[in-house]
Amino acid sequence: MALLKTDKLTIKFGGLTAVNSLDMIINENEIIGLIGPNGAGKTTSFNMITGVYTPTEGTVVFEGKDITGMKTHEITKLGIARTFQNIRLFKDLTVLENVLIANHMRFGSNLLSAIVRTPDYMKKEKKAYDKSMELLKALGLDDVKDEISTSLPYGKQRRLEIARALATDPKLLILDEPAAGMNPQESLELMEFIREIRDTYKLTILMIEHHMAVVMGICDRIYVLDYGVKIADGTPSEIQNNQKVIEAYLGVD
Amino acid sequence: MKKSKVIQSLISIGLVIVILVVLNNFLTSFQARIFNLCGIYIILALSLNLINGFVGLFSLGHSGFMAVGAYTSALLTMPKEMKEMNFFLEPIAPWLLNIELPFPVALLIGGLLAALVGALVAAPVLRLNDDYLAIATLGFSEIIRVIFTNTQSMTNGALGLKGLNAIGISGKSAEGYWWIWGIVILTVVFMVLLINSTYGRAFKAIREDEIAAEAMGVNLFKHKMMAFVIGSFFAGIGGSLLGHLMGTIDPLLFRYLLTFNIVLIVVLGGIGSITGSVISAIVVTIAMEALRVLDGTMRFGSLVINGVPGTRMVVFSALLMIVILFYQRGLMGTKEFSWDWFKKLSFKSKNAKIAKRM
Amino acid sequence: MSFQAFLQHLVNGISLGSLYALLAIGYTMVYGILRLINFAHGDIFMLATYIAFYSITTFLIPWWAAFLIAIILTGLLGVILERAAYRPLRSSPKISIMISAIGASFLIENLAIVIFGGRPKAFPIAPIFSHIIKIGDVSISIVTILIPIITAIALVILNYIVNKTKTGMAMRAVSKDYDAAKLMGININFIISFTFAVGSALAAIGGIMWGLKYPQLIPLMGIMPGLKCFIAAVIGGIGNIKGAVLGGFILGLGEIAIVASSPALSGYRDAFAFVLLIVILLAKPTGLMGKNSAEKV
């Protein structure tokens, strides 16, 4: 059974069909790329999968369960986490606090026990703290744990965003342009990094990327969108040689 | 929480109590009244800061919740004879006439009712964006006020209620001091515990970036509602205490001018800082009283200057404008008081001494 | 209800609706461009009436000149308000500019109390405005009839400016897409100032006519109309000028309908606007003529 499956996923904004009948299959442990020219509907597709938008037609099925139209926070609880195209860190909070938030959903609805600081609550806080520190260490961010998140250099901010997403214990990690703003050296490091976390945390990864070196380098399979329509899918070599894809990016003479 | 922090907190509460006892013995009754007002405004500022400062919802509906609290506790504690005196235009609704509950119970009911109204207001209004939220909450607050002005048999309408019981059980005004400040301490402790808990972090995350917070598994609606309900509960408590302190309430008291005063306090103190709200509430309340002189006649020895009524509010409005234009983060920004400051101070002076020797 | 009474109420409703429409336009134009609720707009309206008052009574200027001066000065005050209270905060978080708007409103109100005094002043009404027109059994004051006429003229002029001039086109561009308009070389500061000037001038016209119809001036007279007219703008679709006019009339006619239908309800007259607001925000938050816009994630 596929981990994630979209079936005829469509969304219309008034007269504009931003994504038209998208079928995708993502299997466990794969790294899938979603590419296409700007405005092709890539982020919009992500938004439908993560519940930010409700599709006009079509379904999203995760681990056999229909999650179409569910609220974002519920989808996160089921095991899908994401990063954002324009980094959305919690600006005024520290690095550690940014990651701690991910644990909040595990506390349940017990405001009173939180206020009174019951032993059970304190245990959960400690667990959350330890988990978060572990993650920060693994991603090389533990030395800046008390820094305000936006004071970090850009590369570290991106890493923090990924750390934050990982803290929700996802099965599927969705990355929106993780290599944006990186030079070729940094992009190569990112590639290694993504492979590592996929292996270490037993993740499945779906990513939007424009850096072709990254996409072709680590993706097992690639989907190509143009004007909201899937125009190709396959392995990196298949995609590189696909006429339609070349036309979409370079235009037709 | 580390043991040292618990001890530090207990020491601070102890210190506060000592200060309260000392002040109790030295303040004149006029000064005590102002000081009590400071306490009430601390409660009100904290309740507003929770919603506006920590979660980032720009709510302007606070005076409505205060009105609910005030009227509830007033009507539930007022003895039958006083009610009959008040409701001379139209008799009070029969079921209200004979109810007379002890102050603490009425206070609590007032807070709970305010919280309920808060929930009812929040439910439809929370999904609106910033500006609409402000106007919608303001709208609800005005609707509440207009309802209170027109339900003659329950609230005595525009005439308002006079002769509210003094705060407390004994009926003696000195008791009010301890009730108010006791509740202040409870409120501050509650807020500190809340903000430093995982829920506090969730609130701040919502303020910083809703969409990212949701992606982290935070249920936006539930948490916004939570903050709103808690905030309105304390607004109701504050409103009740205010009413009983002043002894008289009427719908005009709960115009949005009142909300604005609290917004002023919160902004000056720093949106998102508990310490800031506390300090600002005390300073602003005292200053408001002190500046009353500007409205009346001022005597400097043989020199007499006639103040113009309204100057006081001009000064405060101007102050707010200056703060918002030049010191947007207010006094404390989002920082809090912490014992660490003292450590930093001694660290600095130690370094200074070492530097001098070299 | 007799036909006369109905006609009387209808004319009153249209009159009141016109005043609300004039004021609502100012809110909607400013919101359309800056996404800001100009809480101080109602106070600008109040200032216009006081300027007219002092021009006529203290400076003994003939009423037509005084009205003109009031309109021009008020337009200027609107521009100054924007420069002083809103422009410095353009890149600050939303909450700051909202607080600044409220603060500016309070400052103006309190300054008015100090400078003009809190006691009500009687707006001087030139004899020409005291005529009563009789249509059959119905008596209507000439002011009540003039208001919709003047409003209509003002709207025609406004429509011309917004739809047929280059500046108007620039205004529409800025309200559609602020950043793109900047990139196209439009002088944003000028357009914003111009918007405030026009909105304030319309508020001044409304204020003067309000003074003629309800001649009691107090410094806080702008609060309720201001709030109601912002609500009118929201009802019609904030950012949409036609919507503001529609909202103004709905509010004006609705209020008069309430008072007319049952005197017992007249205490709730002010609450009508707020109830309508809640209903609209729940049913169609973008307003009757508004469009939806989604945030880009």
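This passage looks at how chain B meets its two neighbours, and at one helix of chain C, in a predicted model.

Start with the chain C side of chain B. Here, 33 residues of chain B are in contact with 35 residues of chain C. Three helices of chain B, namely H7 (130-150), H13 (256-269) and H16 (311-326), each put at least two residues into this side. H7(B) gives the most, with 13 residues. As for chemistry, the side of chain B that touches chain C is made up of 23 nonpolar, seven polar and three charged residues.

H7 of chain B also turns up in the surroundings of helix H11 of chain C. The buried residues of H11(C) pack against H7 of chain B, along with helix H9 (223-236) and helix H10 (241-261) of chain C. Those buried residues are Ala271(C), Phe272(C), Ala273(C), Phe274(C), Leu276(C), Leu277(C), Ile280(C) and Leu281(C). The helix itself covers residues 269-283 of chain C, and its 15 residues, at 1.5 Å a residue, should span 21 Å; the end C-alpha atoms sit 22 Å apart, so the expected span and the model agree.

Now for the chain A side. In this case 24 residues of chain B are in contact with 26 residues of chain A. Helices H9 (173-195), H10 (198-208) and H11 (210-215) of chain B are the elements that give two or more residues to it. H10(B) provides the largest share, seven residues. Sorted by class, the side of chain B that touches chain A holds 14 nonpolar, five polar and five charged residues.

Notes. Residues are numbered from 1 along each chain as its sequence is written. Chains are lettered from A and ligands numbered from 1 in the order in which they are written. This is a predicted model: local features need pLDDT of at least 70, side-chain atom pairs count only at pLDDT 80 or more; totals for chains, interfaces and linings use all residues. Two residues are in contact if their C-beta atoms, placed from the backbone, lie within 7 Å. Helices (H or I, at least four residues) and strands (E, at least two) are DSSP runs, numbered from the N terminus. Ala, Val, Leu, Ile, Met, Phe, Trp, Tyr, Cys and Pro count as nonpolar, Asp, Glu, Lys and Arg as charged, and the others, Gly among them, as polar. The expected span of a helix is 1.5 Å times one less than its number of residues. A residue is buried if 20 or more other C-beta atoms lie within 10 Å of its own, exposed if 12 or fewer, and partly exposed in between; C-beta atoms are placed from the backbone.
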